[in-house]
Amino acid sequence: MKARRNKKQVPSFRKLLKTSKVKLENKLKNKQFKQQSTLKKYRKEQRKLRQAVKDAVSKKPIPLEDPKEKRPVKRIEREEEEEEEEALPLDMMDEDDLQLMKDLGQRASFLTRDLSSSEPVHAKKRKKEHVIDKYEKIPRTLQTEPEKELIHLLPIKDKSGIIPQTREKPAVDINKDEEDQEEEMEDNEETAEEPIRELTVEEHLIERRKKLQEKKIHIATLASAILSDPESNIKKLKELRSMLMEQDPDVAVTVRKLVIVSLMELFKDITPSYKIRPLTEVEKSAKMRKETHKLREFEEGLVSQYKFYLENLEQMVKDWKQRKLKKSNVVSLKAYRGLAEVAVKSLCELLVALPHFNFHNNIIVLIVPLMNDTSKSISEMCCEAVKKLFKQDKLGQASLGVIKVISGFVKGRNYDVRPEMLKTFLCLRIKEVEVKKDTEDINKPKKFMTFKEKRKTLSRMQRKWKKAEEKLERELREAEASESTEKKLKLHTETLNIVFVTYFRILKKARRSPLLPAVLEGLAKFAHLINVEFFDDLLVVLHTLIESGDLSYQESLHCVQTAFHILSGQGDVLNIDPMKFYTHLYKTLFKLHAGATNEGVEIVLQCLDVMLTKRRKQVSQQRALAFIKRLCTLALQVLPNSSIGILATARTLMHTFPKADLLLDSDSQGSGVFLPELDEPEYCNAQNTALWELHALRRHYHPIVQRFAAHLIAGAPSEGSEALKPELSRRSAVELFEAYSMATMTFNPPVESSYSKKKDKVLQGTPFLNEDLNQLIKKYCNELPAPSSLDFTKYLKTSLQ
């Protein structure tokens with residue numbers, strides 16, 4: 001059959017000559033159409049095979065006995081339509097092809113072949129095909145039993161063919177499930193029958209107190225174990241730190257606060273007095289003794305736990321700032337503030353107590369932004385900690401780190417910060433006298449033995465050893481002293497440079513900022529350390545600020561104080577006339593606040609000391625008399641402590657300028673009339689007036705003011721009945737102002753009213769003191785006529801009061 005078909009496909013040349021051209025074209029078309037139809041048939045059969053495989057794998061396979069009933073009608077119609085479309089016209093097919101199609105249709109294997117195979121129909125039969133035929137001849141039975149779920153596994157291929165693998169899904173015992181459900185229902189009923197009893201408020205408080213007591217005992221046990229042997233019990237530090245995450249909502253906040261404070265005190269006690277550095281690879285691999293290994297383990301554990309503790313404190317502060325509620329909801333938003341305050345307090349304590357230890361710069365970075373916090377309590381807490389650090393820092397290493405961070409923070413906020421941040425600079429220990437004093441305290445000179453003492457007490461060999469020993473000690477002391485002094489001066493110089501850069505930036509860019517008083521006060525304190533080259537420019541800036549009129553009287557007083565601090569130090573060599581600053585202070589004296597705040601009085605007292613007392617040689621007599629007269633006038637208008645400070649300043653000026661006693665004489669000296677309204681102290685003719693204000697102050701209600709006024713009227717003598725007591729004469733004006741302060745709104749010392757004394761004397765001399773006042777009124781009213789009884793009653797009441 002195959003040879004015959006090939007012979008037709010390749011006709012001989014002679015036959016081609018006998019065939020017409022039209023017939024050849026028709027044959028070519030038939031051949032092409034036949035090839036296309038064969039491809040279509042192949043695709044259709046493949047599609048049917050795939051569908052049959054899917055049906056065989058599905059849960060409900062279609063039985064082959066009666067396919068007409070199971071298959072849907074629409075599917076059969078669609079297949080018939082496709083067969084009609086793809087069928088070849090009979091007139092265009094050869095006889096051999098028709099015969100082949102009939103033979104295929106009569107074969108049973110065309111319908112009952114292996115559905116799992118995807119081979120084409122016209123492929124060659126494999127060997128041992130009878131195995132498949134035997135499998136196909138097995139009769140199918142309909143499913144009468146309930147269908148079981150199968151799990152299809154990978155098939156096995158052997159010599160006999162492909163063997164499919166399946167496994168039944170394990171069935172669930174329904175009876176067992178019902179029993180479990182019944183048991184659960186019974187348990188639920190039992191729980192429903194016995195509900196949890198709600199605690200009363202009193203019982204809840206007792207339970208909370210019990211839990212808290214247990215936690216306290218646990219914290220105390222861990223802390224005492226760590227303190228007793230830190231190197232052996234360093235791991236318990238981790239256990240104690242884990243209590244910072246307490247999850248019991250009843251005691252979570254209290255326990256966390258207690259753990260924070262306990263850890264802070266522990267770190268202050270067990271931390272060494274040196275900084276722990278990380279080990280190198282060579283040091284880790286080197287052999288060491290058991291004691292050294294134990295010490296290194298302690299140091300590594302201490303540093304790691306200290307780091308984690310600081311991170312926990314930082315996270316508490318961040319949670320409070322961001323107002324973020326945790327998922328656990330153990331700590332409420334209201335409790336965040338309390339935890340944050342305790343955390344900030346612990347950070348401040350560690351900042352002051354451990355400036356030498358690890359992570360000190362990290363603590364500084366946390367504390368400095370909190371100095372500008374909106375919460376006043378936290379801001380004051382951080383500022384006080386920084387001040388304390390500045391006061392106790394002798395070398396200046398920690399102070400330099402804080403100053404760098406504060407300067408960068410102020411610049412980054414565009415100078416919009418609290419003035420208290422810059423006021424902390426006033427506590428810096430950058431004075432040459434203090435530096436020298438500290439150097440002398442650290443390196444006290446050691447007294448060595450003279451040659452005569454050595455010869456009397458020591459032998460020749462001992463003298464030789466003593467000489468070498470003293471030489472070595474001298475060299476070591478000199479080397480150590482020079483190094484510490486140089487290092488200290490270097491650190492102080494760098495710190496002061498940063499401070500002045502911050503001050504000058506504010507003077508240049510933020511003159512109307514509330515930071516200006518703090519800047520001027522700082523310049524006044526450190527003016528003696530400024531380079532002389534900047535004095536002229538700085539004085540011009542200060543005068544410009546005063547003349548601008550944008551400053552308050554207190555800020556202008558700071559400008560005056562700064563200018564005279566500059567001129568009293570290295571500025572003595574400059575040829576500058578500060579008359580304009582004297583005039584401004586003389587004019588500002590009557591603008592001082594006379595109320596309870598006493599703002600500016602202390603600054604005025606300091607300015608007068610620098611301007612008049614310390615510069616006595618550059619001050620004229622007319623100027624001194626004008627200031628004494630105006631100070632005595634001002635003493636009538638302010639509070640007692642201010643009056644005492646002003647009168648003490650006037651006493652000092654009278655001792656400094658002996659010719660000022662002419663103000664105690666009522667006779668005029670020279671020509672002219674005193675002009676109190678004139679703001680020029682040189683031309684107000686103060687020598688033509690007298691200090692009549694002292695006689696008014698002599699009748700003041702405060703005894704110390706009375707004493708000072710009487711002392712000045714007598715000419716401020718050093719001896720005699722009118723001389724002051726040592727506790728008053730030896731104190732400066734500022735010290736007296738602070739000692740007799742009325743900040744608590746009480747008299748110091750207590751003042752007894754003269755009216756109460758007179759009243760007591762009158763009541764003691766009244767004969768009818770023990771008689772009832774109402775009875776007396778009735779008695780005298782009955783004797784007098786009615787119209788005048790009311791008048792007498794009023795008279796009697798007023799006379800008896």
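Select F359 first: in this predicted model, F359 counts as partly exposed, because its relative accessibility is 25%. This residue sits in the loop between α14 and α15. Display its backbone as well, for F359 has a positive phi of about 65° although it is not a glycine. Most residues other than glycine have a negative phi.

Proceed next to Y415, in the loop between α17 and α18. Here too phi is positive in a residue other than glycine, with a value near 65°. Is Y415 buried or exposed? The relative accessible area of Y415 is 8%, so the residue is buried.

**Helix α15**

Return to the loop that holds F359 and select the helix that follows it, α15, which spans residues 360–370. Colour H360, I363, I364, I367, V368 and L370, the buried residues of this helix. Because they cover an arc of only 155° around the axis, these residues lie on the same side of α15. Now turn to the face directed away from that buried side, where the exposed residues N361 and V365 are found.

Which helices does the buried side of α15 pack against? Select α13 (290–322), α14, α16 (376–392), α17 (397–412) and α18 (419–423), since the buried residues of α15 pack against them.

**The nonpolar core**

In soluble globular proteins, nonpolar side chains tend to be buried together. The largest nonpolar core of this model has 162 residues. Within this core, L263, L302, Y309 and F708 have the most contacts. Helix α14, residues 333–353, gives the most to the core, with 12 residues.

Centre the view on L302 and show its surroundings. Leaving aside its neighbours within four places in sequence, L302 is in contact with I234, L237, F267, I270, T271, P272, I276 and F357.

**Two cysteines**

Select C348 and C382 together. Why is there no bond between their sulfurs? The sulfur of C382 has its closest cysteine sulfur in C348, at 4.1 Å, which is too far for a bond. A disulfide would require sulfur atoms within 2.5 Å. By this rule the model has 0 disulfides, and C348 accordingly is in none. C348 counts as buried because its relative accessibility is 6%. C382 is likewise buried, with a relative accessible area of 0%.

**A threonine in helix α28**

Move on to helix α28, residues 640–656, and select T649 within it. T649 counts as buried, because its relative accessibility is 8%. Where does its side chain reach? The side chain of T649 reaches the backbone oxygen of G645, at 3.0 Å. Show also L605, L608, L631 and A733, which T649 touches when residues up to four places away in sequence are not counted.

**A strand hairpin**

For the final stop, select strands β1 (residues 150–158) and β2 (residues 161–168). The two strands pair in the antiparallel sense over 7 bridges. They form a hairpin, with 2 residues between them. To follow the pairing across the hairpin, select K157, which stands opposite I162 in β2.

Definitions and conventions
Residues are numbered from 1 along each chain as its sequence is written. This is a predicted model: local features need pLDDT of at least 70, side-chain atom pairs count only at pLDDT 80 or more; totals for chains, interfaces and linings use all residues. Side-chain values use heavy atoms; hydrogens and water are left out. A nonpolar core is a set of buried Ala, Val, Leu, Ile, Met, Phe, Trp, Tyr and Cys residues joined through side-chain atoms within 4.5 Å. Buried means under 20% relative accessible area, exposed over 50%, partly exposed in between (1.4 Å probe, protein chains only). Helices (H or I, at least four residues) and strands (E, at least two) are DSSP runs, numbered from the N terminus. Contact means heavy atoms within 4.5 Å. A polar contact is a pair of N or O atoms within 3.5 Å; within protein, one must be able to donate a hydrogen and the other to accept it, and residues adjacent in sequence count only if both atoms are side-chain atoms. Two strands pair if DSSP finds at least two bridges between them. The arc is that of the directions from the helix axis to the C-beta atoms.
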